[in-house]
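New to this one? Here's a quick briefing to read alongside the picture.

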Amino acid sequence: MEIRKNSGPLKWVLIGISTLFLIVMLILPLTYVLVTAFGEGIKVFVAAVTDYYALKAIGLTLEVTLIAVVVNTIFGIAASWCITRFQFHGKKILSTLIDLPLTISPVIAGLIFYEYLRSAGIKLIFAVPGIVVATVFVTFPFISREIIPVLSTLGTDEEEAAALMGANGFTIFRKITFPHIKWALLYGIVLCTAR
């Protein structure tokens, strides 16, 4: 790929548009949040953040985030491994289902399954299990979609060689596969947590 050395005014127009976009979409909202939060002083801010209900909300958020990240890490690694290492009927359907949360609103997904869950006596709406299920649903693609390209590029040669030498599946994963996917996994976990 050839890089332009002298692009003239086009370069400065693109830099200006990018800078303006960042200011409008990131800097201004962040500034507004900070000014509003500290507008009445630090004592009011601290009182609002240390309020009983605020602490309960923060605790619930941390709890749900931890559960969602653990569940999505386990299923993300398993789904990535399954898609990249095995041939089976329905592989494209599984890949599509992984991307489903990116295209369907969690509200719509909840409405689809609501009647089935209600008839089974499972209460999800306005309950902690519902928050966990919705969070897991929304964040599911992030880990697997970071690992799948790495596993696809990696191939299976090293893993097959280790298996021929007598290594079991866990040893192969721990010694060969994991070192190759660790940064993609970490990036997926960061995206999952941020979401």
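How many aromatic pairs does the structure hold? The count comes to 4. Keep in mind while you look around that this is a predicted model. We'll take those rings first, then step back to the whole chain, and finish with a single residue.

**Aromatic rings**

- Start with Phe-38 and Phe-45, whose ring centres sit 4.5 Å apart. Their planes meet at 45°, so this pair goes down as tilted; the tilted label is for angles that are neither under 30 degrees nor over 60.
- Are these two rings buried or exposed? Phe-38 is partly exposed, because its relative accessible area is 36%, and the cut-offs for that class are 20% and 50%.
- Phe-45 gets the partly exposed label too, with a relative accessibility of 28%.
- Next come Tyr-52 and Tyr-53, with 5.2 Å between their ring centres. Here the planes are at 75°, so the pair is edge-to-face, as the angle is over 60.
- Both Tyr-52 and Tyr-53 are exposed.
- There's also an aromatic cluster, made up of Trp-81, Phe-173 and Phe-178.

**Overall fold**

- The protein chain has 8 helices and 0 strands. Follow the sequence along and the pattern reads α-α-α-α-α-α-α-α.
- For the protein chain, the radius of gyration is 23 Å, while a compact globule of 195 residues would come out near 16 Å.
- Along the principal axes, the C-alpha atoms of the protein chain take up a box of roughly 70 × 65 × 30 Å.
- Look at contacts between residues at least 6 apart in sequence: in the protein chain, 74% of them link residues at least 24 apart.

**Surface and charge**

- Of the 195 residues in the protein chain, 21% are buried.
- About 14,300 Å² of the protein chain is exposed, and 73% of that comes from carbon and sulfur atoms.
- On the charge side, the protein chain carries 15 positive and 11 negative side chains. The centres of those two sets are 2 Å apart.

**One residue to find: Ala-163**

- You'll find Ala-163 in helix H7, which covers residues 157-164.
- Ala-163 counts as partly exposed because its relative accessibility is 42%, which falls between the 20% and 50% cut-offs.
- How far is Ala-163 from Ile-147, C-alpha to C-alpha? What separates their C-alpha atoms is 21 Å, and the two residues are 16 residues apart along the chain.

Conventions
Residues numbered from 1 in each chain as written. Predicted model: local features only at pLDDT ≥ 70, side-chain atom pairs only at ≥ 80, totals over all residues. Heavy atoms only, no water. Helix = DSSP H or I, 4+ residues; strand = E, 2+ residues; numbered from the N terminus. Rg over C-alpha atoms; globule rule 2.2 N^0.38 Å. Buried < 20%, exposed > 50% of the residue type's maximum accessible area, 1.4 Å probe, protein only. Contact = heavy atoms within 4.5 Å. Areas by Shrake-Rupley, 256 points an atom, 1.4 Å probe, with all protein chains shown as cover. Lys, Arg positive; Asp, Glu negative; His and termini not counted. Charge placed at Lys NZ, Arg CZ, Asp CG, Glu CD. Phe/Tyr/Trp six-rings, centres within 6.5 Å; stacked < 30°, edge-to-face > 60°.
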